[in-house]
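Reader: I am new to this structure and would like a short tour. Could you begin with whatever I need in order to follow the first figures?

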Amino acid sequence: KVQFYNVNGTITNFTNDKRAGSKVMRAVVNSSFLNKTQMKTNWTFYLFDPKGRFDVNGTIGSIDGQVLNALAEPMGPASIEEGRLNGMTFHLHGNDYSMDGTVKMLYDDLDMAILEKDKGATETDKKFLTSLIANMVIKNSNPKGNDEVRVQQVQLSRDINRSLFNLCWKTIYKGIQGTVGIKRATA
């Protein structure tokens, strides 16, 4: 579950009148992401655009990596054993059919455990060899040492039976995967 607490926002130019002066609606929404860190988003909706064009820009504050297991374990399936997210920004452009943009996630000391369900088992468990190999491939910090910060370019087609919020979340998740070095997109 992706959970947001203490959500507050402001919407300007909320209209369905095609004669209205401005053809742009804006929404500023702030919340507590997983009830642990601030998340701020700015939405721009281009009213009456035939393809439903919109933009979303946002930031997420710092958070202990293990708190993110509520998301990583069912989606990964992986478990964050160590690490800290120092912050994330995203700049995304979407429409009724797709989304693209950039995701920048800053983090330190990431150590993951890969989870798999054994044949006939009902629960997932840590796979030692798979986790060892994954941690050799995964980039454990961004930036690492004096390297430049990695910014992930993302693009995702939309499942038209899902909401635009689902599209945003899946696109951000794909950016997170790319940033840490996971080539196979499971978004």
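Author: Certainly. A residue counts as buried when its relative accessible area is under 20%. Please also keep in mind that this is a predicted model.

Reader: With that in hand, how much of the protein counts as buried?

Author: The protein has 187 residues, and 37% of them count as buried.

Reader: And how many helices and strands are there?

Author: The protein contains three helices and nine strands. Along the sequence, their order is β-β-β-β-β-α-β-β-β-α-β-α.

Reader: Let us take α3. How many residues does it have, and what does it span?

Author: Helix α3 covers residues 164-180, which makes 17 residues. From the first C-alpha to the last it reaches 25 Å, close to the 24 Å expected at 1.5 Å a residue.

Reader: Is α3 largely enclosed or left open, and why?

Author: Helix α3 is largely enclosed by the rest of the structure, because 13 of its 17 residues are buried.

Reader: What is found at its two ends?

Author: At the N-terminal end, Ser163 acts as a cap for α3, with a side-chain oxygen 3.3 Å from the backbone nitrogen of Phe165. Just after α3 comes Gly181, which takes a positive phi of about 100°.

Reader: On to pockets. What is the volume of the largest pocket?

Author: The volume of the largest pocket is about 720 Å³. It is lined by 35 residues, and those closest to its centre are Ala78, Met112, Tyr173, Val180 and Ile182.

Reader: Which elements give two or more residues to that lining?

Author: They are α1 (69-75), β6 (78-94), β7 (98-117), α2 (128-137) and α3. Strand β7 provides the largest share of the lining, namely seven residues.

Reader: How does the lining of the largest pocket divide by class?

Author: The lining of the largest pocket has 24 nonpolar, seven polar and four charged residues.

Reader: And what about the second largest pocket?

Author: The second largest pocket holds about 340 Å³ of space. Its lining has 17 residues, with Phe4, Met39, Thr41, Trp43 and Phe165 closest to the centre. Two or more lining residues come from each of β1 (4-12), β2 (24-33), β3 (37-46), β4 (54-60) and α3.

Reader: So α3 turns up again. How do the residues there divide by class?

Author: Indeed, α3 gives two or more residues to the lining of the largest pocket and likewise to that of the second largest. In the second largest pocket, the lining has 14 nonpolar and three polar residues, and no charged ones.

Reader: Trp43 caught my eye in that list. Does it count as buried or exposed?

Author: Trp43 has a relative accessibility of 10%, so it counts as buried.

Reader: What aromatic pairs does the structure have?

Author: A search of the whole structure finds six aromatic pairs. One of them joins Trp43 and Phe45, which are stacked at 5.9 Å centre to centre with 0° between the planes. Trp43 and Phe54 also form a stacked pair, at 6.3 Å centre to centre with 25° between the planes. This second pair links distant parts of the chain, since Trp43 is in strand β3 and Phe54 in strand β4, 11 residues apart.

Reader: Is Phe54 buried or exposed?

Author: Phe54 is buried, as is Trp43. In addition, one aromatic cluster is formed by Trp43, Phe45, Phe54 and Phe165.

Reader: Back to β3, then. What can you tell me about Thr37 and Thr44?

Author: Thr37 lies in strand β3. At 9% relative accessibility, Thr37 counts as buried. A polar atom of the Thr37 side chain is 2.9 Å from the backbone oxygen of Ser62. Thr44 also lies in strand β3, and its relative accessible area of 10% makes it buried. The side chains of Thr44 and Arg26 make a polar contact at 3.1 Å.

Reader: One last residue. Where is Gly94 found, and what lies across from it?

Author: Gly94 is found in strand β6. With a relative accessibility of 4%, Gly94 counts as buried. The C-alpha atoms of Gly94 and Asp55 are separated by 6.0 Å, while the two residues are 39 residues apart along the chain.

Terms used: Residues are numbered from 1 along each chain as its sequence is written. This is a predicted model: local features need pLDDT of at least 70, side-chain atom pairs count only at pLDDT 80 or more; totals for chains, interfaces and linings use all residues. Side-chain values use heavy atoms; hydrogens and water are left out. Helices (H or I, at least four residues) and strands (E, at least two) are DSSP runs, numbered from the N terminus. The expected span of a helix is 1.5 Å times one less than its number of residues. Buried means under 20% relative accessible area, exposed over 50%, partly exposed in between (1.4 Å probe, protein chains only). A polar contact is a pair of N or O atoms within 3.5 Å; within protein, one must be able to donate a hydrogen and the other to accept it, and residues adjacent in sequence count only if both atoms are side-chain atoms. On a 1 Å grid over the protein atoms alone, a cavity is a set of points where a 1.4 Å probe fits but cannot get out, and a pocket is an open set with protein on both sides within 12 Å along at least five of seven lines; lining residues have an atom within 4 Å of a point. Grid points are joined across faces, edges and corners, and a volume is the space filled by probe spheres set on the points. Ala, Val, Leu, Ile, Met, Phe, Trp, Tyr, Cys and Pro count as nonpolar, Asp, Glu, Lys and Arg as charged, and the others, Gly among them, as polar. Rings of Phe, Tyr and Trp (its six-membered ring) pair if their centres lie within 6.5 Å; planes under 30 degrees apart count as stacked, over 60 as edge-to-face and the rest as tilted.
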